[in-house]
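Reader: I am new to this structure and would like to understand how its descriptions are reached. Could you take me through the reasoning step by step?

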Amino acid sequence: CALPISFAADELVGVRTTDGTQFSYVLTADGPQQVRYAVILMPGGKGILNPRINDGQIVMALAGNFLIRSRGLFADAQFVAASTDATSTPDRIEAIVGDLERRYGKLSVYAVGTSASTNATLDLATKMDGRLAGFVHSSSFNRIASFDSRKLRSRNLIVIHEKDGCRYTLPSNGQASHNKYGTELIVMTGGKTTGDECEAYAYHGYYGIERETVDRIKDWIARGG
């Protein structure tokens, strides 16, 4: 099934970077709340959502991606989710943060990537260190093995599935980063796998354990205060 797992309300939001570039993101929230945390979700693959209104509904590319189909699971009384194109450009992230904080006040904001978009979160972890509360790298590209988070001020989390069979995101590399540099690590088990080992409905995309995976990420975020 390629439908998103979403029980919250989506809103298409237009924002502008400091240089005047305009783009849209999808805000997912769960009714009246006291929001403390925001997650900026970036899909893997080509990383381009192209969110838009079609026949009165918000549609977007890569809607089946793990993070995008799970966006409604992130939204609750304390969390909102912002789904956007994968980007390593701080100005685009800052534009989203600015819009969120105009709506909700000061927030702890985390950039979350999966698979190919961990190239963006790994880059941002250095470029925006100390400017966001943290970065989550799930099903990370193999370069995660050399990611040294020890001198970084923002929090960093690696998430792997022990049976991820994608050759670009071998779980042993996330484990290696944890072992060598002490970067915090969540290891997921279970679920199911279908089709290409590097696609969203495989262990690589936490298929069948979306809620459990999201809940563990949110628990880690909340422990940071």
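Reader: Why is Leu-62 called partly exposed?

Author: In this predicted model, Leu-62 has a relative accessibility of 33%; since partly exposed covers the range between under 20%, which is buried, and over 50%, which is exposed, Leu-62 therefore counts as partly exposed. Leu-62 is found in the loop that runs between strand 5 (57–59) and helix 1 (66–69), and its phi is positive, about 60°, although Leu-62 is not a glycine.

Reader: What makes Asn-50 count as partly exposed?

Author: The relative accessibility of Asn-50 is 44%, and because the exposed class asks for over 50% and the buried class for under 20%, Asn-50 counts as partly exposed. Asn-50 lies in the loop between strand 3 (37–42) and strand 4 (52–54), and here, too, a residue that is not a glycine has a positive phi, of about 50°.

Reader: How do you know whether Arg-92 is buried or exposed?

Author: Arg-92 has a relative accessible area of 18%, and because buried means under 20%, the conclusion is that Arg-92 is buried. Its place is in helix 3, residues 90–104, and, leaving aside residues up to four places away in sequence, Arg-92 touches Thr-17, Thr-21, Phe-23, Asp-85 and Thr-87.

Reader: Why does Thr-183 count as buried?

Author: With a relative accessibility of 1%, set against the cut-off of under 20%, Thr-183 counts as buried. Thr-183 sits in the loop between helix 5 (171–181) and strand 10 (184–188), and among the residues it touches, not counting those up to four places away in sequence, are Phe-147, Ile-158 and His-178. The C-alpha atoms of Thr-183 and Thr-194 are separated by 30 Å, although these residues are 11 residues apart along the chain.

Reader: What is the space in the largest pocket, and which lining residues are the closest to its centre?

Author: The largest pocket holds about 310 Å³ of space. It is lined by 18 residues, of which Gly-44, Gly-45, Ser-115, Cys-198 and Glu-199 are the closest to its centre.

Reader: How do the residues of that lining divide into nonpolar, polar and charged?

Author: The lining of the largest pocket divides into eight nonpolar residues, nine polar and one charged. Glu-199 is one of the lining residues, and because Glu counts as charged, the single charged place in that division belongs to Glu-199.

Methods: Residues are numbered from 1 along each chain as its sequence is written. This is a predicted model: local features need pLDDT of at least 70, side-chain atom pairs count only at pLDDT 80 or more; totals for chains, interfaces and linings use all residues. Side-chain values use heavy atoms; hydrogens and water are left out. Helices (H or I, at least four residues) and strands (E, at least two) are DSSP runs, numbered from the N terminus. Buried means under 20% relative accessible area, exposed over 50%, partly exposed in between (1.4 Å probe, protein chains only). Contact means heavy atoms within 4.5 Å. On a 1 Å grid over the protein atoms alone, a cavity is a set of points where a 1.4 Å probe fits but cannot get out, and a pocket is an open set with protein on both sides within 12 Å along at least five of seven lines; lining residues have an atom within 4 Å of a point. Grid points are joined across faces, edges and corners, and a volume is the space filled by probe spheres set on the points.
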